[in-house]
Amino acid sequence: MEKPLNTLIARNGESFSFIYQENIDRLGRVSFFDPETETPQLNHTDLLYLPGGYPERHLEALAANEACRHAIRDYAERGGRIVAECGGMMYLCKSIVSDEGEFPACGVFPYTITARKADRKLSLGYRRFTLDGREYRGHEFHYTQFAGTWPDSVVQVYDAKGNPVPTPILRYKNVLASYTHLYQI
């Protein structure tokens, strides 16, 4: 990915907290916003980065910030560039279900994520895939799952031994999202 001039990164105490410093260092001019309490200013943003974390622990606050969810969805629809990893990908889906109920998310992808305790399943390991002639590497660590049928992946993802894994890589317009935490974006 070419180096963007202006990168906006979702970051707060827990919902979007898993960020490699190396990724921040290579992203040009970086600013941050808190999706629980702020609405992102995306007019001059070249890349919106939604890293991993635990959005399932703050669903009420994330759902209550409707202006933020709409701004992100509108940015994606206008062709804005977004990279979303794990919790960030979850936030881009239609909704997230917990033991407390179902909460709306951004709606960029038409999927529901389940974070219910009864649905928990550990997905863990190193991942790699090739997209548009570039190899990406990262890792996966989560208990949440897609509710119902998992979406199709735009490419095959492999573990460290070269075995195919079912982790989907989602792409919509200029949005790239997955459960994989990338080592270099």
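These are my notes on one buried glutamate, the aromatic pairs and two arginines over rings in a predicted model.

**Ground rules.** I number residues from 1 along each chain as its sequence is written. In this predicted model, local features need pLDDT of at least 70, side-chain atom pairs count only at pLDDT 80 or more, totals for chains, interfaces and linings use all residues, and side-chain values use heavy atoms, with hydrogens and water left out.

**E140.** I found E140 in strand 9, residues 134–142 (strands are DSSP E runs of at least two residues, numbered from the N terminus). E140 counts as buried because its relative accessibility is 2% (buried is under 20% relative accessible area, exposed over 50%, partly exposed in between, with a 1.4 Å probe and protein chains only). Leaving aside neighbours within four places in sequence, I list S123, L124, G125, R127, T167 and Y179 in contact with E140 (heavy atoms within 4.5 Å).

**Aromatic pairs.** I looked up Phe, Tyr and Trp rings (six-membered ring for Trp) with centres within 6.5 Å; planes under 30 degrees apart are stacked, over 60 edge-to-face, the rest tilted. By this rule the count is 9 aromatic pairs. F18 and Y20 have ring centres 5.3 Å apart and planes at 80°, so I noted them as edge-to-face. F146 and W150 are also edge-to-face, with centres 5.1 Å apart and planes at 65°. F146 is buried at 3%, while W150 is partly exposed at 26%. Ring pairs link these two with Y111 and Y179 into a cluster.

**Charges over rings.** I checked for NZ of Lys or CZ of Arg within 6 Å of a ring centre and within 35 degrees of the ring normal. R11 has its charged end over the ring of F32, 3.6 Å from the centre. R57 lies over the face of Y54, 4.2 Å from the ring centre.

Terms used:
Helix = DSSP H or I, 4+ residues; strand = E, 2+ residues; numbered from the N terminus.
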